[in-house]
Amino acid sequence: MMKIGFYNIQGGTGKTTIAANFAYILSHSAKTILIDCDIYGGTSAILFGLEGREHNLNTYLAGHSTIEDIISKHDDLDIIHTDVSSDVFGYKPELDRFETLIQTLEEEYDIIVYDFPPNITEDNPILGYVGELELINKVIVVGEDSIPSIVNSLKTMELLKDLGIGLTGIIVNKYRGLTDISEIIDDVIGILPYDQNIERQWVESSPIVKLKKTKFTKELLSLANELASIYLEKDLASLRALKLAKAISGITEEEKSDLDEF
Ligand SMILES: Nc1ncnc2c1ncn2[C@@H]1O[C@H](COP(=O)(O)OP(=O)(O)O)[C@@H](O)[C@H]1O
Ligand SMILES: [Mg+2]
């Protein structure tokens, strides 16, 4: 089970773009769900054309919708979006319901992709909550290559450390060759170019990887597959180790049949 999130304290770096396209790519090979956690400023509904739906994460957290109600589909990808209207300020989120949601989804999906909001105030505490309850494996920081953005990415990495959330690394997005990023930050796992074509995804309500083949989409594709293979293979390896350990120590028939279901 891979539970991965995209985050930066700065807005507009491309978290939603990368989370949505990343999830869309992986949904072709594993059962994947994208969760837009930005209950006040989420934009996944725009990207996937879900604006008109009655049920969303906001209504679920307020106790008005069930889990089934709030899951939408885009090809193989399942999506939980947030309300894009100004109603968002009227709901009172019950965070316990978020834990129930993730525990339920963990049973059903191979991959959970979180798109986190930049601000993590008391009103909008999902990232801290997810970290505390270990509802996530790791976070990828999405940053840009300007000096102010690099400062914010470094700050973001410190914050994640304080929250006890593991870091996979940083993706430098909208790269224009302004600075030699890898010289400044050690944890760069990917560099994605500035690409004007991306804007089309908001108009056409479809992730850019589906609309057009560009340098950006090609590089995101290989990065997503690489990361998934690391996570999912590690999962399989630990599962095999567990089976082996149980076999050696001798287990009951019932436990054995449980394991065989994998
Ligand atoms: N690599 C890129 N090149 C050009 N524009 C991009 C790139 N990545 C994202 N964008 C654009 O930047 C804006 C912010 O992206 P978004 O994914 O909404 O960021 P965030 O979720 O971090 O606020 C959007 O208009 C998006 O189309
Ligand atoms: Mg966003």
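# Cut-offs and contacts in a predicted model

Visitor: Why is Glu 144 called buried?

Guide: Its relative accessibility is 14%. Buried means under 20%, so Glu 144 counts as buried. Bear in mind that this is a predicted model.

Visitor: What makes Lys 174 and Glu 144 a salt bridge?

Guide: The closest N and O atoms of the two residues are 3.6 Å apart. The criterion is a Lys or Arg side-chain nitrogen within 4 Å of an Asp or Glu carboxyl oxygen, so the pair qualifies as a salt bridge. The pair links distant parts of the chain: Lys 174 belongs to strand 7 (residues 166-175), Glu 144 to the loop between strand 6 (138-143) and helix 7, and 30 residues separate them.

Visitor: Why is Lys 174 called partly exposed?

Guide: The relative accessible area of Lys 174 is 27%. Partly exposed covers values between the 20% and 50% limits, so Lys 174 is placed there.

Visitor: How do you know that Lys 73 and Asp 78 form a salt bridge?

Guide: The closest N and O atoms of Lys 73 and Asp 78 are 2.5 Å apart, and the limit is 4 Å; therefore the contact counts as a salt bridge. Lys 73 and Asp 78 are also linked with Lys 31 in a network of salt bridges. A search of the whole structure finds nine salt bridges.

Visitor: Which of the words buried and exposed applies to Lys 73, and which to Asp 78?

Guide: Lys 73 has a relative accessible area of 54%. Exposed means over 50%, so Lys 73 is exposed. Asp 78 has 5%, and buried means under 20%, so Asp 78 is buried.

Visitor: What makes Arg 200 and Glu 204 a pair within one element?

Guide: Both residues lie in helix 9 (residues 200-204), where they are four residues apart, about one turn of the helix. They form a salt bridge, with the closest N and O atoms 3.1 Å apart. Arg 200, at 32%, is partly exposed, and Glu 204, at 40%, is partly exposed.

Visitor: Why is Glu 107 called exposed?

Guide: Glu 107 has a relative accessibility of 71%. The limit for exposed is over 50%, so Glu 107 counts as exposed. Glu 107 sits in helix 5 and helps form a negative surface patch with Glu 54, Glu 68, Asp 69 and Glu 108. Helix 4 (67-70) and helix 5 (96-108) are the elements giving two or more residues to this patch.

Visitor: What is notable about the phi of Glu 134, and what about the phi of Ser 205?

Guide: Glu 134 is not a glycine, but its phi is positive, about 55°. Glu 134 is in the loop between helix 6 (126-132) and strand 6, and at 62% it is exposed. Ser 205 is not a glycine either, and its phi is positive, about 50°. Ser 205 is in the loop between helix 9 and helix 10 (208-211), and at 24% it counts as partly exposed.

Visitor: Why is Ile 150 called buried?

Guide: Ile 150, in helix 7 (residues 147-163), has a relative accessibility of 6%. That value is under the 20% limit, so Ile 150 counts as buried. Ile 150 and Ile 185 are 35 residues apart in sequence, with their C-alpha atoms 8.3 Å apart in space.

Visitor: Which residues does UniProt list for "domain: AAA"?

Guide: The unreviewed UniProt entry lists residues 3-120. Over that range the chain is 32% helix and 19% strand, and the end C-alpha atoms are 19 Å apart.

How values were computed: Residues are numbered from 1 along each chain as its sequence is written. Chains are lettered from A and ligands numbered from 1 in the order in which they are written. This is a predicted model: local features need pLDDT of at least 70, side-chain atom pairs count only at pLDDT 80 or more; totals for chains, interfaces and linings use all residues. Side-chain values use heavy atoms; hydrogens and water are left out. Patches are made of residues with over 30% relative accessible area and no salt bridge: like charges are joined within 9 Å, nonpolar side chains (Val, Leu, Ile, Met, Phe, Trp, Tyr) within 5 Å. Accessible areas come from the Shrake-Rupley method with a 1.4 Å probe; for residues, only the protein chains shown count as cover. Lys and Arg count as positive and Asp and Glu as negative; His and the chain ends are not counted. The place of a charge is taken as NZ of Lys, CZ of Arg, CG of Asp or CD of Glu. Buried means under 20% relative accessible area, exposed over 50%, partly exposed in between (1.4 Å probe, protein chains only). UniProt positions are given in the numbering used here, feature names are shortened, and annotations may be inferred rather than shown by experiment.
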